[in-house]
Amino acid sequence: MTHTMRTILLTLLFAIPFEQVMVAKDEFTPAERQQISIETPGLFSRSNAFQVDFGTLSDAGYSFPLPVGKVEATDGGTDLEIVTSSGDAVKAMFDGTVRLSRSLAAYGNVIVVRHDNGLETVYGRNAQNLVKVGQKVKAGQTIAIVGGHGKRVCCLFSIMVNGAKINPETLIDTRSHRLRKQMVVFRKAGAHVSLAVSRKETVPEFSLDPSSVEDDPFLTSATFKLDLEQIGSTHWAYPLPGAHVISDYGGRRGHSGVDIKTRPNDEIVAAFDGIVTRSCRYAGYGNCIVIRHAYGFETLYGHQSKNLVRVGQKVKAGEVIGLTGRTGRATTEHLHFETLFKGRRFNPAILFNHAKRSLQAATLTLRRGGGISSKKKAG
């Protein structure tokens, strides 16, 4: 297949009700078992186009390949290098069947999964493959142990349609690891396949920026409901992408926050839009930052080796505010992260799913006096 034939043309099409395909199978040809980039037999046999509605996919039907990983590098916009820690488990993105599981010079131990929706995903540089050709896998199932190259622990990941790579950002938000809930149409036109978003996801632009909230809801009501899923994806960020929890809230004699760790001098980002109200050394927190958000929320970040923001500065969610360290009362470099409402600390897990590095699918009930409760959504 020539380079031109493998090129994916990204175009915008009108929504057409094409049928969805089911192409995963147990038996593969010798070429399918040996090559990464190969056309999918029968993918366009019944029609020159098919569609996948990612908006109807349940949470159990999708997994980011390394839920605790951090996307640090791309190669031409088609390969993702997902960096994590040694021994981490590589997960299948969707349900499907393993088409290839072997060692190749450019990829090391590599796995290709052919999915029921017509796509294929590639997982390279594995320390160990844990599945074999023809094996059926579920989304989120462990298929390999992460490897890397040199001293870098990472997975080389890509998504293919009919043997050609596409930009993963078309389907997933690499910062939040979230699948974009949208309808996507794939059309074959001669030697090419074009990709079109026929129904884009509607992402609300709700923000916790205190300057964007005109009216205090507690002036007219004792309670206020906040749907976390209504916060736009550009208005929140996990404070230490790629981190893992080393100390939970409430454990260790009433721990006031959650301790999360990656490596020394890693970049800490603002969890939400807001205004910096503290940036200095503060008691056992060492270098400490406090950011004020809307409705009485605050977030606190402690033990930094260096603070990179000043008091009064407006920050956006995802903006780098400091570097991980061990200043104050700390025995290892990490981030101590606290969440407060009306001056009262509460469990950060009410806001964030630490395993998925995402906001909780929940509605919060906020009380004028400072109480807070959460109701998670079904599914």
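The predicted model contains zero disulfides. Cys154 takes part in none, and the cysteine sulfur nearest to that of Cys154 belongs to Cys155, 7.6 Å away. For Cys155, the closest cysteine sulfur is in turn the one in Cys154, and the separation of 7.6 Å is too far for a bond, because a disulfide requires two cysteine sulfur atoms within 2.5 Å. Both residues are nevertheless shielded by the protein: Cys154 has 0% relative accessibility and counts as buried, and Cys155, also at 0%, counts as buried as well.

Confidence in the model varies along the sequence. The mean pLDDT of the protein is 88, with 90% of the residues at 70 or more. Residues 1-20 are an exception to the high values, since pLDDT stays under 50 throughout this stretch. The model has 47 contacts beyond four places in sequence for residues 1-20. Where pLDDT is low, the predicted coordinates should not be read in detail.

The secondary structure consists of three helices and 32 strands. Of the 379 residues, 51% count as buried. Among contacts in the protein with a separation of 6 or more, 65% are made by residues that lie 24 or more positions apart.

In soluble globular proteins, nonpolar side chains tend to be buried together. The largest nonpolar core in the model has 36 residues, and the members touching the most others are Tyr123, Ile143 and Phe186. At least two residues of this core come from each of strand 2 (49-53), strand 4 (79-83), strand 7 (108-115), strand 8 (119-129), strand 10 (142-149), strand 11 (152-161), strand 15 (183-189) and strand 16 (192-199). Strand 11 gives the most, with four residues. Another core lies apart from this one; it has 35 residues, including Leu226, Ala271, Ile291 and Phe346.

Two of the strands that supply the largest core, strand 15 and strand 16, pair in the antiparallel sense over seven bridges. Together they form a hairpin with two residues between them. Ala189 stands opposite His192 of strand 16, and in the turn Gly190 has a positive phi of about 70 degrees.

A further group of strands forms an open sheet of three, in the order 20-26-24, with antiparallel pairing. Strand 20 (267-269) and strand 24 (306-307) stand at the edges; each has a single partner strand, so one side of each is left without a neighbour in the sheet. Strand 20 is joined to strand 26 (residues 320-323) by three bridges, and the two run antiparallel. Within this pairing, Val269 has Val320 of strand 26 as its bridge partner.

Arg99 belongs to strand 6 (residues 96-104). Is this arginine, Arg99, buried or exposed? With 0% relative accessibility, Arg99 counts as buried. The side chain of Arg99 reaches the backbone oxygen of Gln35 at a distance of 2.8 Å. Gln35 is also one of the residues in contact with Arg99 once neighbours within four places in sequence are left aside. The others are Phe28, Glu32, Arg33, Ile36, Ile38, Val112, Val113, Arg114, Glu120, Val133 and Met160. Among these, Val112, Val113 and Arg114 fall in strand 7 (108-115), Glu120 in strand 8 (119-129) and Met160 in strand 11 (152-161).

Methods. Residues numbered from 1 in each chain as written. Predicted model: local features only at pLDDT ≥ 70, side-chain atom pairs only at ≥ 80, totals over all residues. Heavy atoms only, no water. Buried < 20%, exposed > 50% of the residue type's maximum accessible area, 1.4 Å probe, protein only. Core = buried A, V, L, I, M, F, W, Y, C linked by side-chain atoms within 4.5 Å. Pairing = 2+ DSSP bridges. pLDDT = per-residue confidence, 0-100. Contact = heavy atoms within 4.5 Å. Polar contact = N/O pair within 3.5 Å; in protein donor to acceptor, adjacent residues only side chain to side chain.
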